[in-house]
Amino acid sequence: MADRTVLTTGANSGIGLACALELARRGYASVGSVRSEAKAEVVHEAAAAAGVSVSTVILDVTDAERCAEVVETLGPLHGLVNNAGYGVTGAVEDVPDDEAEAVLQTMVLAPMRLARLALPGMRANGDGCIVNISSIMGRTTTPLTGWYQAAKHGLEAVSDALRVEVAGAGVKVVLVEPGGFKTGIWEEFERDVAKRGDSRFKGAYARSQQMMRLAEPMMGNPDRVAKVVASVMGSRAPRPRYLVGQDAQLLALTDAFTPTRVKDLVTRLGLGL
């Protein structure tokens, strides 16, 4: 598999870095995209420590021209792991248009752009795998993070369409839906809450932060997600979706069997809304 190139976006930390390293361990030509030389150095150091080789490319996934350059330079891809993204915490009333547009650009439009660019090579080879890193929040929705969840729901919807469209060409499209894992998204949560200022939702943000701190010790290691992604990449018949983490399994089950009005009431009481 040494000539099978897999590009992982957002590879400098968390799930993206873990995926880039695990794919390299399994013999793929692993390439991680990062947004700066400093972040590229982080990847190279981690790869050296793990005893594997991971190449890097500088890429802002919202830059359409650069996306095309990178895919053309790498040549036909065997796999694409769309992982680049970030959290947005804020009630719908607190999030301005530019923030909402940015998260949709990064986590819906950019993954599909890269998929579209990679597909000609995959079709020519009659093989390929596109793994889109979603979230349990791609299945359910909670207050105060609506735009993040809008992006993940959108990613799931378009991935479902793409999966059927390219199946006849031998290309697989898979959604991986992690629960809570130790990644930079939690620092982003703190940052976003701090900039909401004197929002009418200030008390709800504080309660949400408190719940997050209590849950943090139970969050899993991103390596677990990476192992799922690498296994999917090597599977001839992967499932359309993979929930990763006990919390994700529990949330999916609860969401499926709890009436919406009951769920809304419990959530409002918990957050003081």
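The legends below describe close-up views of a predicted model.

**View 1. Surroundings of threonine 140 in a loop of the predicted model.** Threonine 140 lies in the loop that runs between β5 (128–133) and α5 (146–166). With a relative accessible area of 7%, threonine 140 counts as buried, because this value falls under the 20% cut-off. When residues up to four places away in sequence are not counted, threonine 140 touches Gln149, His153, Asp255 and Lys263. Glutamate 22, which is 118 residues apart from threonine 140 along the chain, has its C-alpha atom separated by 29 Å from that of threonine 140.

**View 2. Helix α10 and the glycine just after it.** Helix α10 comprises 12 residues (residues 260–271), for which a span of 16 Å is expected at 1.5 Å a residue, and the end C-alpha atoms are 16 Å apart, so the two values agree. Glycine 272, placed just after α10, adopts a positive phi of about 70°.

**View 3. The largest nonpolar core.** This core holds 25 residues, of which Leu7, Leu80, Met122, Ile130, Leu162 and Val171 touch the most other members. Two or more residues are given to this core by each of α3 (64–74), α4 (97–125), α5 and β6 (171–178), and α4 gives the most, with 7 residues.

**View 4. Contacts of methionine 122, and a second core.** With neighbours within four places in sequence left aside, methionine 122 is in contact with Leu77, His78, Gly79, Leu80, Asp127, Gly128, Cys129, Ile130 and Val171. A second core, separate from the largest one, has 21 residues, including Val6, Cys19, Tyr242 and Val244.

Definitions and conventions:
Residues are numbered from 1 along each chain as its sequence is written. This is a predicted model: local features need pLDDT of at least 70, side-chain atom pairs count only at pLDDT 80 or more; totals for chains, interfaces and linings use all residues. Side-chain values use heavy atoms; hydrogens and water are left out. Helices (H or I, at least four residues) and strands (E, at least two) are DSSP runs, numbered from the N terminus. Buried means under 20% relative accessible area, exposed over 50%, partly exposed in between (1.4 Å probe, protein chains only). Contact means heavy atoms within 4.5 Å. The expected span of a helix is 1.5 Å times one less than its number of residues. A nonpolar core is a set of buried Ala, Val, Leu, Ile, Met, Phe, Trp, Tyr and Cys residues joined through side-chain atoms within 4.5 Å.
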